[in-house]
Amino acid sequence: MIYWQLFRTFMIIGVCCFGGGYAALPFIQGWVVDRYAWLGMEQFIDVVTISQMTPGPIGINAATFVGTQLAGLPGAIAATLGFICPSVVIVLALSRFYFKYRSLELVGGVLTGLKPAVAALIFASTVTIVRSALWETGVLTEPNLAALCIAAAGFLALRRAKAGPMTVIFGSGVAGLLVYGLLGVK
Amino acid sequence: MEQSKRKLYWTLFSSTFVISAFTVGGGMVIIPLLQKKFVDELKWLEQDEMLEMVAIAQSSPGVMAVNAAIIIGYRLAGVAGALVTVLGTVLPPLITLSLISLVYAWFASNRWVAAALRGMKAGVAAVMADITLKLFAGVYKTGKIWCMALCVLAAAAAVLTEVNIVFIILACGVCGGVMSWLERRRSA
C-alpha cells in the first residue's frame, strides 16, 4: 500500500538525517528518486525549489510535496507523520534525560560548552543566508542594493525600534513587492 | 479539561503554528522567533535554557524546527504539550504545500511571488544578524575565555569546513565538560 510505503520510507529518512533540513534532501533523493523512482530528477529539483521558496521547515515541505504528488493529501499526511515519528521518540527521550540530570555538575559543564556551539552554528547559518539574500551574484563588490537597504532597515527596526522578527519578515515581504514587483528593480 | 490547561495548550499550539508559518529559509530561522515568543514575550523560558534546548534539537535526527518544538512543548506541558507543539509546527507547511503543489507552475514562475520572497529573504537576513549578535554578547558575558575561544573555533569549523554540525556540538559538549571539571579542581 502506497501510504504505508510513504510512511515507512520517510521514517527511515527521518532517522538518518542529522543536522537540519538540507541534510534530509540527499536522503530523500536516494530513496524517492533513485530507489523507488516515485519522482524523476526534474520533479525532485522542483521539490527542492519549492521547499526553499515556501515557509516552514524544508524537510517537512519536501515530505508533504512528495506525498501529495504520489497520493494526494492522505499521502502528504502519511509521509509527514513518518518523517517526524523518529524525532518525537528520540527528542522526548533526550529531553527526559536533560531535565532529569541538568543540575548535575558534569552535565552542567557539558551544557556550558553547548552555548558557544549554538551561537557559532547560528552565526554560520546567518553567513549563508546573508550571502544568498544580499549578494545574489556571489561577487563581494556587487551586493544587491535594494536587498541591502531592506535588510538594513529591518536590522534598525529590530535594534532601535524593538520590532518583532515576524513584523520585520512580513514588512520586508511588502517592501519586496514594492521594490522588485512594482518598481521593477533588478 | 480545566480552563488554565486548555489555555496553555492553545497558547502552545497557536505560537508554534504562527512561528512555523513564518520560518522562511531553513530551520535556524525559527530560533529568533522562538526566542522572541517564549523568552522575551511569555517569559516561560530562560535564554540559557532555550540555547541548551536548541543544542539538543540540533543533535537529534530529523528537522530542527520540529525537534525544538517537541522539547519546548515537553518542558512546558509534558508529552501532551510536545504533541500539541509538533502539530502546530507541522500543520502550516502541510497546508501551504498541499495548496501550492496544486498550482506549482503558477507559483514558481509568478513575478509577484518572487518579489515578495526576495524581500522576505533580506528581512530574514536582518533577523538572523540580530540574533547572532545577541548570542555572541551572551557568550562574551560568561566572562570565560575558553567559552569565547570555543565559539570562534566552532564558527570557523562551521563556516569554512563541511563537517557535520552534530560533530561540532558533540566536540563543544566534551570541551565544556572537561573545562568545567578543570575549573572546579583549580578552585577546590
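These exercises work through a predicted model of two chains, A and B.

**Exercise 1. The fold of chain B**

Task: State how many helices and strands chain B has, and describe its extent and its burial.

Solution:
- Start with the elements. Chain B has eight helices and zero strands.
- Read them from the N terminus. The order is α-α-α-α-α-α-α-α.
- Next, take the extent. The C-alpha trace of chain B spans about 65 × 50 × 25 Å along its principal axes.
- Then check burial. Of the 188 residues in chain B, 53% are buried.
- Finish with contact range. Take the contacts in chain B between residues at least 6 apart in sequence; 54% of these join residues at least 24 apart.

**Exercise 2. The interface between the chains**

Task: Find how much area chains A and B bury between them, and which residues of chain B lose the most.

Solution:
- The size of an interface is often given as the accessible area lost when the parts come together.
- Here that figure is about 8,100 Å², with 77% of it on carbon and sulfur atoms.
- In chain B, the residues that lose the most area to chain A are Pro61(B), Leu97(B) and Arg118(B). Together they supply 8% of what the chain B side buries.
- Count the participants. Chain B brings 97 residues to the contact and chain A brings 90 residues.
- Now locate Pro61(B). This proline sits in the loop between H3 and H4 of chain B.
- Its relative accessible area is 2%, so Pro61(B) counts as buried.
- Compare positions in sequence and space. Pro61(B) and Pro93(B) lie 32 residues apart in sequence, and their C-alpha atoms are 19 Å apart.

**Exercise 3. A helix pair across the interface**

Task: Describe how H5 of chain A packs against H3 of chain B.

Solution:
- Two packed helices are described by the angle between their axes and the distance between the axes.
- Identify the pair: H5(A) covers residues 105–134, and H3(B) covers residues 47–59.
- Their axes come within 9 Å and cross at roughly 80°.
- Angles of 65 to 115 degrees count as roughly perpendicular, so H5(A) is roughly perpendicular to H3(B).
- List the residues. From H5(A) come Leu111(A), Leu114(A), Lys115(A) and Val118(A). They meet Asp48(B), Leu51(B), Glu52(B), Val54(B) and Ala55(B) in H3(B).
- Sort them by type. Six are nonpolar, none is polar and three are charged.

**Exercise 4. A threonine in helix H4**

Task: Is Thr89(B) buried or exposed, and what does Thr89(B) touch?

Solution:
- Place the residue first. Thr89(B) belongs to helix H4 of chain B, residues 64–102.
- Apply the cut-off. Buried means under 20% relative accessible area. Thr89(B) has 2%, so this threonine is buried.
- Leave out residues up to four places away in sequence. Thr89(B) then touches Thr16(B), Ser20(B), Ala65(B), Val66(B) and Ala69(B).

**Exercise 5. Positive phi in chain A**

Task: Place Ala37(A) and Lys162(A) in their loops, and give the phi of each.

Solution:
- Take Ala37(A). Its phi is near 55°, a positive value in a residue other than glycine.
- Ala37(A) lies in the loop between helix H2 (21–35) and helix H3 (41–53) of chain A.
- Its relative accessibility is 57%, so Ala37(A) counts as exposed.
- Turn to Lys162(A). This residue is not a glycine, yet its phi is positive, about 55°.
- The loop that holds Lys162(A) runs between helix H6 (145–159) and helix H7 (165–182) of chain A.
- Lys162(A) has 63% relative accessibility and so counts as exposed.

**Exercise 6. The domains of chain A**

Task: Give the domain bounds of chain A and the separation of the domain centres.

Solution:
- The domain assignment gives domain 1 (2–101) and domain 2 (144–186).
- Taken over C-alpha atoms, the centres of domain 1 and domain 2 of chain A are separated by 32 Å.

Note on methods
Residues are numbered from 1 along each chain as its sequence is written. Chains are lettered from A and ligands numbered from 1 in the order in which they are written. This is a predicted model: local features need pLDDT of at least 70, side-chain atom pairs count only at pLDDT 80 or more; totals for chains, interfaces and linings use all residues. Side-chain values use heavy atoms; hydrogens and water are left out. Axes are lines fitted to C-alpha atoms, for helices over the stretch in contact, and angles run from 0 to 180 degrees between N-to-C directions. Helices (H or I, at least four residues) and strands (E, at least two) are DSSP runs, numbered from the N terminus. Angles under 35 degrees count as roughly parallel, over 145 as roughly antiparallel, 65 to 115 as roughly perpendicular and the rest as oblique. Contact means heavy atoms within 4.5 Å. Ala, Val, Leu, Ile, Met, Phe, Trp, Tyr, Cys and Pro count as nonpolar, Asp, Glu, Lys and Arg as charged, and the others, Gly among them, as polar. Domain bounds come from an automatic or database domain assignment. Buried means under 20% relative accessible area, exposed over 50%, partly exposed in between (1.4 Å probe, protein chains only). Buried area is the accessible area (1.4 Å probe) that two parts lose on being put together, summed over both.
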